[in-house]
Amino acid sequence: MRISIIAPTLLAGMLFVANTATAQTAPAKPDVNFITQSTSKFTIPEGSTEDDMWKLHQEYFDKVISKSTILKHYSIYRHAWGSTGATIVVTLEFAKWEDIMKFNDEETEALEKAAWPDESARKAFQKKMSSFENPYHHDEIYTISNTMRK
């Protein structure tokens, strides 16, 4: 009989402590950044080379990506083993969810206009760069923990 009285009392005490601790400490907001990732395959248009494609990517990086005040990190990866090696993965890292849309909707356009003030030159560059892209791709958005980075 003694055990049956102690067990409910002990359980009630544990629940009280657990509820009190929960009420006093709100869950911490996760310390994360946001990663957008686009995966596609590149194609080489007739009369062009893979080196031409990389030069265009470098020019876009130098004139647009590197000038961003919103973008925290940018990487472009090429599939290194197996397959045809034509897979390209582009990642962009942002501090806030809202920055993704701000970058896509506002900053990129402004930086492109600054890089190629002449609209016909800008459109010609965009057309040439897109000629290396396969239209079939997939996009993902991830969070990355800022407390577990090296």
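This is a short walk through one predicted model, from its confidence scores to its core, two of its helices and a ring pair.

Okay, confidence to begin with. The average pLDDT for the protein is 85, and 81% of the residues score at least 70. The part to treat separately is residues 1–22, where the pLDDT is below 50. Beyond near neighbours in sequence, that stretch has one contact in the model. I'll leave it there and go to the core.

The largest nonpolar core has 22 residues. Which of them touch the most other members? Those are Y60, L92, F94 and F103. As for where the core comes from, at least two residues each are supplied by β1 (32–42), α2 (50–63), β3 (87–94), α3 (97–115) and α4 (119–130). In general terms, nonpolar side chains in soluble globular proteins tend to be buried together.

Let's pick F94 out of that group. If you skip neighbours within four places in sequence, F94 is in contact with N33, F34, T36, I70, L71, K72, D99, I100 and F103. Now, D99 on that list is worth a stop. D99 sits in helix α3, and its relative accessibility is 11%, so it counts as buried. Leaving out neighbours within four places again, D99 is in contact with I70 and F94. And for L71, the C-alpha to C-alpha distance to D99 is 7.9 Å, with the two positions 28 residues apart in sequence.

On to the helices, α2 to begin with. It has 14 residues, which at 1.5 Å a residue should span 20 Å, and the end C-alpha atoms are indeed 20 Å apart. The buried residues in α2 are M53, L56, H57 and Y60. Looking down the axis, those buried residues fall within an arc of 100 degrees, so they line one face of the helix. The background there is that an α-helix has 3.6 residues a turn, so residues three or four places apart point the same way. What do the buried residues of α2 pack against? The partners are β1, β2 (73–78), α3 and α4.

Same exercise for α4. Twelve residues at 1.5 Å each should give a span of 16 Å, and the end C-alpha atoms are 16 Å apart, which agrees. Here R122, F125 and M129 are buried. Down the axis of α4 the buried residues sit within an arc of 65 degrees, so they too line one face of their helix. Over on the other side, S120 and K127 are exposed. The buried residues of α4 pack against α2, α3 and β4 (133–145).

That brings me to the rings. There are six aromatic pairs in the structure. One of them is Y60 with F125, and it is stacked, with 6.4 Å centre to centre and 10 degrees between the planes. Why does that pair matter for linking the chain? Y60 is in helix α2 and F125 in helix α4, so the pair ties together parts that are 65 residues apart in sequence.

Are those two residues buried or exposed? Y60 has a relative accessible area of 16%, under the 20% cut-off, so it is buried. F125 comes in at 9%, so it counts as buried as well. And the pair has company: ring pairs link Y60, W116 and F125 into a cluster.

If you take one residue away from this, make it Y60: it is among the core residues that touch the most other members, and it is stacked with F125. That's all from me.

Terms used:
Residues are numbered from 1 along each chain as its sequence is written. This is a predicted model: local features need pLDDT of at least 70, side-chain atom pairs count only at pLDDT 80 or more; totals for chains, interfaces and linings use all residues. Side-chain values use heavy atoms; hydrogens and water are left out. A nonpolar core is a set of buried Ala, Val, Leu, Ile, Met, Phe, Trp, Tyr and Cys residues joined through side-chain atoms within 4.5 Å. Buried means under 20% relative accessible area, exposed over 50%, partly exposed in between (1.4 Å probe, protein chains only). Helices (H or I, at least four residues) and strands (E, at least two) are DSSP runs, numbered from the N terminus. Contact means heavy atoms within 4.5 Å. The expected span of a helix is 1.5 Å times one less than its number of residues. The arc is that of the directions from the helix axis to the C-beta atoms. Rings of Phe, Tyr and Trp (its six-membered ring) pair if their centres lie within 6.5 Å; planes under 30 degrees apart count as stacked, over 60 as edge-to-face and the rest as tilted. pLDDT is the predictor's confidence in each residue, from 0 to 100.
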